[in-house]
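Happy to have you here! Let's walk through this structure together, one question at a time.

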Amino acid sequence: MSEENKNSEFSLENKNSEFSFENESYRKTYWHTCSHILAQAVKRLYPEVKLAIGPSIDEGFYYDMDSPFPFTPEILEKLEGEMRKICKEKLKLERFELPREEALKFMEEKGEPYKVELIHDLPEDAHISFYKQGEFTDLCAGPHLDSTGRVKGNAIKLTACNAAYWRGDSNRQTLQRIYGIAFPKKEQLDEYLAKIEEAKRRDHRKLGKELGLFMMAEEGPGFPFFLPKGMVLKNTLLEYWRACHKRYGYVEIATPIILNQDLWHRSGHWDHYKDNMYTTVIDGEDYAIKPMNCPGGMLVYKNEPHSYRDLPLRMAELGLVHRHEMSGALHGLFRVRCFTQDDAHIFMTPDQMKDEIKGVVKIFDEIYSTFGLTYQIELSTMPEDHMGDEKIWHFAEETLQAAIQEMGKDFILNPGDGAFYGPKLDFHLADSLGRTWQCGTIQLDFQMPERFDLEYVGEDGEKHRPVMIHRALLGSIERFIGVITEHFAGAFPVWLSPVQVKVLPVTDRAAEYADQVAAQLTENGFRVEVDHRNEKIGKKIREAQLEKTPYMLVVGDRDMENGTVSPRHRAAGDLGAMSLADFQAKLRREVDEKLKDSDL
């Protein structure tokens, strides 16, 4: 290997952690090399296919190709076999550069028009580099592994093929994007594929339909409909949210969905976010449907004068917002065009900032732990497209960092990804499959109070500008419901489950007793259904299990005689006969303490 290649490539000869698959940089290099192996396999088997681009991504790699035929599952299987051969051949990856004209001629002769276009778009002084492995050469900046033999051929899987526009432009050619994943060990691939299958089983779109939670309709793409059981789930979640906020000293407000365009200019959203906003005209004046709740919160604060004695003022809002999302990005409850955002805006004096940030983190800790969700914090700093003085930005960033460090929290720095009005802490939740979801956020804002001329009278009797925190805890209520549906695989804890108990009479003789049991449970605040169908008890139990009902009460002749019930838990199975009072006490504890199945 040349001295230049030694400096630019990864080699496994070095056993340091830098070359471990756990190292993100090495992992992406591994996957990038896999994309070249895929492209080589395609050109060997189907030389008429034209290559576009093939990067590594967060999980695996892909390659975009222009093919006269679809890449069917059978073809993907053939490509996997050829990739395994290429790995066994242990082809050396060699980097070389060409002047612009030679590079263009090289790719023109190979009949690769997409590569020619990419070279034309490179700066005049760019180093145009290529990577060669055996008979295959690709335009690429690298880096790569030093040999195809470093990739374990039996641990490669091509997972999907979807349509993709060339360079993301819907007016350009439609290409085929082949996705793949690879690991250093076959066991890791098997574990990953098992996780993917489990994720499919937990897909909230599938479970939402099976459990009767929500639906989508062609008449409103991206606008979810909540069904009766879904509304029970949503309202129970919001009742818990309200109780928590009351304990932490929040007041609740509601602001209009439609406000005039002047407000959005004043807030800065029109200049930074208008492409995602829906607009309308009322009485000849331009209005916008709110994509976020913040400006309405500013007007509520400004509605009356405030003293330093009123601060901190914590105002929470469950506001319905609308955002224009591209149709291709819509995905169940995870990406919709209207959703309820659990916002809060905290107005405070500068010396209260750190304590208020800590207070928000505390409520985050309480609520996320209730659902068994852990999190990682990401600190995002000033973006290029921002409002306000850089000194204030740096002060805000330092305050956020100091607050979480004093609480003993770790964080990852995400430079340049803050909101246009201030830096932020994003909370990435980890679910039961180890996947992460960005839900909660804390945004420190010196700009919005300035733009809305917000004031409070200080101890000195003078007017001062408050500082503001924008805070969302669950983020989008709809998205959070999607997250916990997949996290619990639809088996919600008793306190959250739309139906907590299903009473199953064994015979028609027990029907009246079943109704009496259900009535008593309902009277005590539990959500109950009775299955009176003329079906065998085994079938009733199986169907209640499929509906993820936490408890089934099987009642028969003996229960009628003894005044008992025979509870069956969806995970633990038969719990044996007990009095209805004892069962209610057990149920009440699980609801009040918000226990999960794993806590029982």
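Q: What percentage of the 600 residues in the chain is buried?
A: This is a predicted model, so the figures here are computed from its atoms. A residue counts as buried when its relative accessible area is under 20%. By that cut-off, the buried share of the 600 residues in the chain is 51%.

Q: How many helices and strands does the chain have?
A: Let's take the two kinds of element in turn. The helices in the chain come to 19. Its strands come to 29.

Q: What share of the contacts with a separation of 6 or more is between residues 24 or more positions apart?
A: A contact here means heavy atoms within 4.5 Å. Among the chain's contacts with a separation of 6 or more, the part that joins residues 24 or more positions apart is 70%.

Q: How much of the area that the chain exposes is supplied by carbon and sulfur atoms?
A: The area that the chain exposes is about 28300 Å². Of this, carbon and sulfur atoms supply 49%.

Q: How far apart are the centres of the positive and negative side chains?
A: Start with the two sets: the chain has 77 positive side chains and 100 negative ones. The centres of these sets are separated by 6 Å.

Q: How many disulfides does the structure hold, and which cysteine sulfur is nearest to that of C34?
A: The disulfide count is 0. A disulfide would need two cysteine sulfur atoms within 2.5 Å. For C34, the nearest cysteine sulfur is 6.7 Å away, so C34 is in no disulfide. That nearest sulfur belongs to C87.

Q: Is C34 buried or exposed?
A: The relative accessibility of C34 is 0%. Because the cut-off for burial is under 20%, C34 counts as buried.

Q: What is the relative accessible area of C161?
A: C161 is also in no disulfide, as the nearest cysteine sulfur, that of C34, is 17 Å away. C161 counts as partly exposed, a class that lies between the 20% and 50% cut-offs. Its relative accessible area is 24%.

Q: Which side chains make polar contacts with the side chain of E97?
A: E97 sits in strand β4, which covers residues 93-98, and at 36% relative accessibility E97 is partly exposed. One polar contact of its side chain, at 3.1 Å, is with the side chain of R95. Another, at 3.4 Å, is with the side chain of H127.

Q: How far apart in space are E97 and K302?
A: In sequence, E97 and K302 are 205 residues apart. In space, from C-alpha to C-alpha, their separation is 62 Å.

Key. Residues numbered from 1 in each chain as written. Predicted model: local features only at pLDDT ≥ 70, side-chain atom pairs only at ≥ 80, totals over all residues. Heavy atoms only, no water. Helix = DSSP H or I, 4+ residues; strand = E, 2+ residues; numbered from the N terminus. Buried < 20%, exposed > 50% of the residue type's maximum accessible area, 1.4 Å probe, protein only. Areas by Shrake-Rupley, 256 points an atom, 1.4 Å probe, with all protein chains shown as cover. Lys, Arg positive; Asp, Glu negative; His and termini not counted. Charge placed at Lys NZ, Arg CZ, Asp CG, Glu CD. Polar contact = N/O pair within 3.5 Å; in protein donor to acceptor, adjacent residues only side chain to side chain.
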